[in-house]
Amino acid sequence: MRYETRFCPHCATDLAPIVLLEDSGEKERLRCPACGWTHWNNPTPVLAAIVEVNGRVLLARNALWPSKMYALITGFMEAGESPEEGIAREVKEETNLDTHAVRLVGAYEFLRMNQVIIAYHVQAEGDVKLSPELVDYRFYELDQLKCWPAGTGYALADWLRSRGHEPVFFTAEENAERRRGLDDAPKD
Ligand SMILES: [Zn+2]
């Protein structure tokens, strides 16, 4: 479910579009007419992991996704943890795997969700046990992986390049097939 910010979190007054002078000039944002609180609507950081186990990459399918859609492990950061701690925690919670090397791949936009993806490559080990959020997983050899045209897919492509594999992307038709039904699925 996606929530819309309508009330001031300090004083519960209805927010209103109000123009104020900011560093970049005059800017209309949702602001509180009573106490001056501004809804900045900054993007939320999301952590993503390319999980490598014994030379193969684990992709997983979310319970809300279409049957052909497998992707990276992702999750939100918790207050008080570093991104590296956060991705190790997410990988453990979602797959039960223990990570022993965590390396930054890059940061990627996800404009539609107002998120910024911080992508890591992790080496992991252990027995896979999925969280209830995930319904299936597959291990891929590096040359079997196909990338998708979105932030986490570009992260996978950049990582494959760093390992000497020229990334192959799904064709537009394959990607449409992979995503079929997704746009009707409930959003988080
Ligand atoms: Zn207020």
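**View 1. The hairpin of β3 and β4, and the pairing of β4 with β8.** In this predicted model, strands β3 and β4 pair in the antiparallel sense over three bridges, where two strands are said to pair if DSSP finds at least two bridges between them. Strands here are DSSP runs of E with at least two residues, helices are runs of H or I with at least four residues, and both are numbered from the N terminus. Val 53 stands opposite Arg 56 in β4, and the hairpin has two residues between its strands, with Asn 54 taking a positive phi near 50 degrees. Strand β4 also pairs with β8 (residues 134-140), in the antiparallel sense and over six bridges, and in this pairing Arg 61 stands opposite Asp 136 in β8.

Residues are numbered from 1 along each chain as its sequence is written. Because this is a predicted model, local features need pLDDT of at least 70 and side-chain atom pairs count only at pLDDT 80 or more, whereas totals for chains, interfaces and linings use all residues.

**View 2. The hairpin of β6 and β7, with Asn 114 in its turn.** Strands β6 (98-110) and β7 are joined by a loop that holds Asn 114, and they pair in the antiparallel sense over 11 bridges. Ala 101 stands opposite Gln 123 in β7. Four residues lie between the two strands of this hairpin, and Asn 114 in the turn has a positive phi of about 55 degrees. Is Asn 114 buried or exposed? Asn 114 is exposed, because 12 other C-beta atoms lie within 10 Å; a residue counts as exposed with 12 or fewer such atoms within 10 Å of its own C-beta, as buried with 20 or more, and as partly exposed in between, with the C-beta atoms placed from the backbone. Leaving aside residues up to four places away in sequence, Asn 114 touches Asn 41, Pro 43 and Thr 44, where contact requires C-beta atoms, placed from the backbone, to lie within 7 Å. The C-alpha atoms of Asn 114 and Cys 147, which are 33 residues apart along the chain, are separated by 21 Å.

**View 3. The largest nonpolar core and Ile 50.** A nonpolar core is a set of buried Ala, Val, Leu, Ile, Met, Phe, Trp, Tyr and Cys residues joined through C-beta atoms within 7 Å. The largest one has 31 residues, and those that touch the most other members are Ala 48, Ala 49, Ile 50, Val 51, Val 91, Ala 119 and Ala 155. At least two residues of this core come from each of β3 (44-53), β4 (56-62), α1 (83-95), β7 (115-125) and α2 (151-162). Not counting residues up to four places away in sequence, Ile 50 touches Val 57, Leu 72, Val 105, Ala 119, His 121, Ala 155, Leu 156 and Trp 159.

**View 4. Helix α2 and its buried residues.** The 12 residues of α2 should span 16 Å at 1.5 Å a residue, and its end C-alpha atoms are 17 Å apart, which agrees; the expected span is 1.5 Å times one less than the number of residues. The buried residues of α2 include Tyr 154, Ala 155, Leu 156 and Trp 159, and its buried residues pack against β3, β5 (73-76), β6 and β7. After α2 comes Gly 164, whose phi is positive, near 85 degrees.

Key: Contact = placed C-beta atoms within 7 Å.
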